[in-house]
Amino acid sequence: MYSEVPTTASGKAFETNGNHCEEDEENQESVSLRRDVGVLGGVAFLVGTMIGSGIFATPRWVLMYTGSVGLNLVVWALCGTISLLGALCYVELGISVPKSGAEYAYIMEAFGPLPAFLYSWIYVLFVKPTGVMILLVFGSYVIEPIFPGCSNKPELMPLRKLLAAAALGKYIFC
């Protein structure tokens, strides 16, 4: 049989008191998740949240209204810089307010519970449902190779909506 004295995670021996063991208060370590995001997770998060579908839906219009490839690239570089500054602001907020809840936690910390509560309801009722528009853009892009130049015709709108609904089902249930 083993005759070793039971130890804590830090290596110190337990002090026994009757039938149970007590550990020094200063040696207790809390259990929590690691705060670690790797390069792949960080890139996936940025691609999914910052770029969105707008980068796929607007290049044609930007090129059409700028008139030249060079000015088009300048516009995209400026917009990318603005997005980068926004992402850096979120990084600073995340470091300054290390609570879960993103914008809700930041508004709660800065302005109190009522504005945070109102923000969360406005987000749920109005902002989040607009994500369906991304799926309609997806439907347009799926239709475009099959019916070139006809993806905005009213006759194909039910097909776009059906593809968006199928993508929404795939997104929610998988």
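Here are some short exercises on the structure above, each with a worked solution.

The model is predicted, so local features need pLDDT of at least 70 and side-chain atom pairs count only at pLDDT 80 or more, while totals for chains, interfaces and linings use all residues. Residues are numbered from 1 along each chain as its sequence is written, and side-chain values use heavy atoms, with hydrogens and water left out.

**Exercise 1. Describe the fold elements of the protein chain and its share of buried residues.**

Step 1: The protein chain has eight helices and two strands. Helices (H or I, at least four residues) and strands (E, at least two) are DSSP runs, numbered from the N terminus.

Step 2: Read from the N terminus, the order is β-β-α-α-α-α-α-α-α-α.

Step 3: Of the 174 residues in the protein chain, 13% are buried. Buried means under 20% relative accessible area, exposed over 50% and partly exposed in between, with a 1.4 Å probe and protein chains only.

**Exercise 2. Find the salt bridge and say which parts it ties together.**

Step 1: Searching the whole structure gives one salt bridge, defined as a side-chain nitrogen of Lys or Arg within 4 Å of a carboxyl oxygen of Asp or Glu.

Step 2: The partners are Glu109 and Lys99, whose closest N and O atoms are 2.9 Å apart. Glu109 lies in helix 5 (residues 103-111) and Lys99 in the loop between helix 4 (69-96) and helix 5, so the pair ties together parts that are ten residues apart in sequence.

Step 3: Glu109 is partly exposed, at 48% relative accessibility.

Step 4: Stay in that loop for a look at Ala102, which also has its place between helix 4 and helix 5. Its phi is near 50°, a positive value in a residue other than glycine. Ala102 counts as partly exposed at 34% relative accessibility.

**Exercise 3. Work out the ring geometry of Phe117 and Trp121, then place both residues on the surface.**

Step 1: A pair of aromatic rings is described by the distance of the centres and the angle of the planes. Rings of Phe, Tyr and Trp (its six-membered ring) pair if their centres lie within 6.5 Å; planes under 30 degrees apart count as stacked, over 60 as edge-to-face and the rest as tilted.

Step 2: This rule gives two aromatic pairs. For Phe117 and Trp121, the centres are 6.3 Å apart and the planes at 65°, so this pair is edge-to-face.

Step 3: Both residues belong to helix 6, four residues apart, about one turn of the helix.

Step 4: Phe117 is partly exposed at 45% relative accessibility, and Trp121 is partly exposed with a relative accessible area of 47%.

Step 5: Phe117 and Trp121 are among the residues of a nonpolar surface patch of about 1000 Å², which also includes Ile122. Ile122 lies in helix 6 (residues 113-127) and is partly exposed, with a relative accessible area of 46%.

**Exercise 4. Which side chain makes a polar contact with the side chain of Arg160?**

Step 1: Arg160 lies in helix 8 (residues 157-173).

Step 2: Arg160 is buried yet has no salt bridge, and the nearest side chain of opposite charge, Glu144, is 8.5 Å away.

Step 3: The polar contact is with the side chain of Ser140, at 3.2 Å. Such a contact is a pair of N or O atoms within 3.5 Å; within protein, one must be able to donate a hydrogen and the other to accept it, and residues adjacent in sequence count only if both atoms are side-chain atoms.

Definitions and conventions: Patches are made of residues with over 30% relative accessible area and no salt bridge: like charges are joined within 9 Å, nonpolar side chains (Val, Leu, Ile, Met, Phe, Trp, Tyr) within 5 Å. Accessible areas come from the Shrake-Rupley method with a 1.4 Å probe; for residues, only the protein chains shown count as cover. Lys and Arg count as positive and Asp and Glu as negative; His and the chain ends are not counted.
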